[in-house]
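The following exercises are to be worked with the sequence and the structure at hand. Each task is followed by a solution in steps.

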Amino acid sequence: MTFHVLISDPLSEEGVYPLRHADGINIVMETNLSEAELAERIDGFDALLVRSQTQVTRELIEKASNLKIIGRAGVGVDNIDLEAATEHGIIVVNAPDGNTNSAAEHTMAMLMGMARKIPQAYNSLKQGKWDRKAYVGVELKNKTLGVVGFGRIGQEVAARAKGQRMNIIAYDPFLTAEKAEKLGVDFGTVEDVLKAADFVTVHTPLLKETKHLINAEAFKVMKDGVQIINCARGGIIDESALYDAVKSGKVAGAALDVFEQEPMVDFRLLELPEIIATPHLGASTFEAQESVAVDVSQDVVSFVKYGTVRNSVNLPSVPKELMKRIEPYFDLAERIGTFLTDLTGETADEVNVYYSGELANLEVGPLTRNMLKGMLKRHLGKHVNDVNAMYIANQKGIHVNEHKSTESRGFTNLITVEVKTQSGTRKASGTLLNGQGARIVKVDDYIVDFLPNGHLLFIRHNDRPGVIGRVGTLLGAEDINIATMQVGRSNAGGDAIMMLSIDKHADPEDLEELKKLEEIESVTAIDL
Ligand SMILES: NC(=O)c1ccc[n+]([C@@H]2O[C@H](COP(=O)([O-])OP(=O)(O)OC[C@H]3O[C@@H](n4cnc5c(N)ncnc54)[C@H](O)[C@@H]3O)[C@@H](O)[C@H]2O)c1
Ligand SMILES: O=C(O)CC[C@@H](O)C(=O)O
């Protein structure tokens, strides 16, 4: 089965090498598609690779019925509707490190070009002028660089700026006094940074919280003559407020690589001589583009081959070592989920998953997601997977809780799933028996031991002589062979169960006949 990949933004040819040379993967690179053309083409593809130009909207995702993974060859994923991708079970991966260096270097280039008015002087010279008075700049040495957003790029910019003998003050929600000291920077609130800075550079994602983070109020607290750089995302700086701040003389210079609307349509800002700009070039180096393309290409190959990825954005990444230890339980977890959905015949209001034994020491989120996938797939089919299972469960108001205990319950590892439905509480436990694969070993409070696959019958009855025989006779009369049979009871003469695996599906008429037998309380067919 060929895995079809559409690349709709210009990715480095060297970078997509891992994809081009992977068996069973077909690549189509079409980087000039209009939105409408992309919407027409997307349905045939299993993967979509983009940079920042292609807008992966909810509308596009809803047309992409085969899409399984979206690869963002870069850091920012604000051009991808993550919620829509998650809802549709599409994993989104990015390349968080591949262009850090290039973006930091571009920021420094913009900072120095702006401080010394290089683009303006160049344009003047190109017009045949020799005007040295108009382009007197300022030094960076001993000036303060305020960094808002102190992640990968912010820190790399600070390191370079320190090389220019600048003082650094930074703000980041995750920057602590200890970390700041270790990195040799001052730190404070956003306002502290803006007040202290001679130059401000922003390196945050574009989020609800960071949209127009630098607005008219922010400019007011800055020093007169401040200069500001944005090589992160258009919109972090309110462009209208920037225009006014430059016109008023508050801001002496601005260097912009990113804009609220891209490609730019409103060039008003660039009419101001104090502003220099580039068309979103922060990651536009051969090295960065090869690196980010390799990163996303390798993740797509890994997804196709192993179902795992390194840089997931909408699904907690599972380290390889951990994956190796929990993967053997994926199928069991999924089967327990399906078993309980069939057993109860209802959707759960609450699901409690208990991990006991060695599993309790591990990150078991992927197991819970697989169990939920098994629980939900009866009604949602292939549209539910481990990317969206938790999202869908939450959407349906199913409260999912994980519980862990290293105490073994008689097994090295045991997964117990308890579902609370309108009719009451049901539960099932499963384990992997050494070398014998998955087993369900408890249903409700009854000890059993059966393979969670094939055609199963779960019968609740009263513990009386002859009941088991009558069930066997009836199934025989219907030419339904019993492969295995487990019985369990609460106490002699009390409630009891039968767990049968049968060689063919029992149809509704067979089930009705079984329910009519004496002492039978309920009969449930489960096909795993
Ligand atoms: N111009 C380009 O071509 C280019 C290239 C690479 C990255 N970028 C952009 O630069 C941004 C930063 O990239 P990165 O790799 O450093 O990301 P990163 O995730 O390593 O760092 C972002 C930092 O922003 C911080 N942050 C979040 N909200 C904040 C807030 N309200 N105030 C202050 N800090 C806040 C986070 O805590 C994080 O430390 C990316 O989101 C991307 O959009 C642009
Ligand atoms: O792909 C690009 O050229 C820009 C990518 C950059 O904005 C990023 O967020 O990584």
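**Exercise 1. Describe the pairing of strands S15 and S16, and then follow S16 to its pairing with S17.**

Solution. Step 1: In this predicted model, strand S15 covers residues 413-421 and strand S16 covers residues 424-433; the two pair in the antiparallel sense over seven bridges. Step 2: The register can be read from one pair, since Glu 418 stands opposite Lys 427 in S16. Step 3: The connection from S15 to S16 is a hairpin through two residues. Step 4: S16 is also joined to strand S17 (residues 437-443), by six bridges, and these strands run antiparallel. Step 5: Here Leu 433 stands opposite Gly 437 in S17. Step 6: The hairpin of S16 and S17 has three residues between the strands, and Gly 435 takes a positive phi near 70° in it.

**Exercise 2. Establish the strand order of the open sheet that contains S19, and locate the helix that packs on the sheet.**

Solution. Step 1: The open sheet is formed by four strands, and its order is S20-S21-S19-S22, with antiparallel pairing. Step 2: Strand S20 (482-489) and strand S22 (520-527) are the edge strands, as each pairs on one side only. Step 3: From one strand to the next, the twist averages 15°. Step 4: Strand S19 (residues 455-462) is joined to S22 by seven bridges, the two running antiparallel. Step 5: Within this pairing, Leu 456 has Ile 526 of S22 as its bridge partner. Step 6: The helix sought is H14 (residues 330-344), which packs on the sheet and touches S19, strand S21 (495-502) and S22. Step 7: The direction of H14 makes about 140° with that of S22.

**Exercise 3. Determine how strand S9 is paired, and state whether the residues on its two faces are buried or exposed.**

Solution. Step 1: One partner of S9 (residues 199-202) is strand S6 (residues 144-148), paired with S9 in the parallel sense over four bridges. Step 2: In that pairing, Gly 146 has Val 200 of S9 as its bridge partner. Step 3: Four bridges also join S9 to strand S10 (residues 226-230), again with the strands running parallel. Step 4: Val 200 stands opposite Ile 228 in S10. Step 5: Together with helix H10 (residues 216-221), S9 and S10 make a right-handed β-α-β unit. Step 6: Phe 199 and Thr 201 lie on one side of S9, Val 200 and Val 202 on the other; all are buried, and both faces are thus covered.

**Exercise 4. Identify the surroundings and polar contacts of ligand 1 and ligand 2.**

Solution. Step 1: Around ligand 1 there are 25 residues, of which Arg 152, Ile 153, Asp 172, Cys 231 and Asp 257 come nearest. Step 2: A backbone N or O atom of Ile 153 is found 2.9 Å from an oxygen atom of ligand 1. Step 3: A polar backbone atom of Cys 231 is 3.0 Å from a nitrogen atom of this ligand, and one of Ala 283 is 3.2 Å from an oxygen atom of ligand 1. Step 4: Ligand 2 is surrounded by residues including Arg 51, Ser 52, Arg 72, Asn 99, Arg 233 and His 280. Step 5: Polar side-chain atoms lie at these distances from an oxygen atom of ligand 2: 3.3 Å for Arg 72, 2.8 Å for Arg 233 and 2.7 Å for His 280.

Note on methods: Residues are numbered from 1 along each chain as its sequence is written. Chains are lettered from A and ligands numbered from 1 in the order in which they are written. This is a predicted model: local features need pLDDT of at least 70, side-chain atom pairs count only at pLDDT 80 or more; totals for chains, interfaces and linings use all residues. Side-chain values use heavy atoms; hydrogens and water are left out. Two strands pair if DSSP finds at least two bridges between them. Axes are lines fitted to C-alpha atoms, for helices over the stretch in contact, and angles run from 0 to 180 degrees between N-to-C directions. Contact means heavy atoms within 4.5 Å. Buried means under 20% relative accessible area, exposed over 50%, partly exposed in between (1.4 Å probe, protein chains only). A crossover is right-handed if, with the strands pointing away from the viewer, the path from the first strand over the helix to the second runs clockwise. A residue is near a molecule or strand if one of its heavy atoms lies within 4 Å of it. A polar contact is a pair of N or O atoms within 3.5 Å; within protein, one must be able to donate a hydrogen and the other to accept it, and residues adjacent in sequence count only if both atoms are side-chain atoms.
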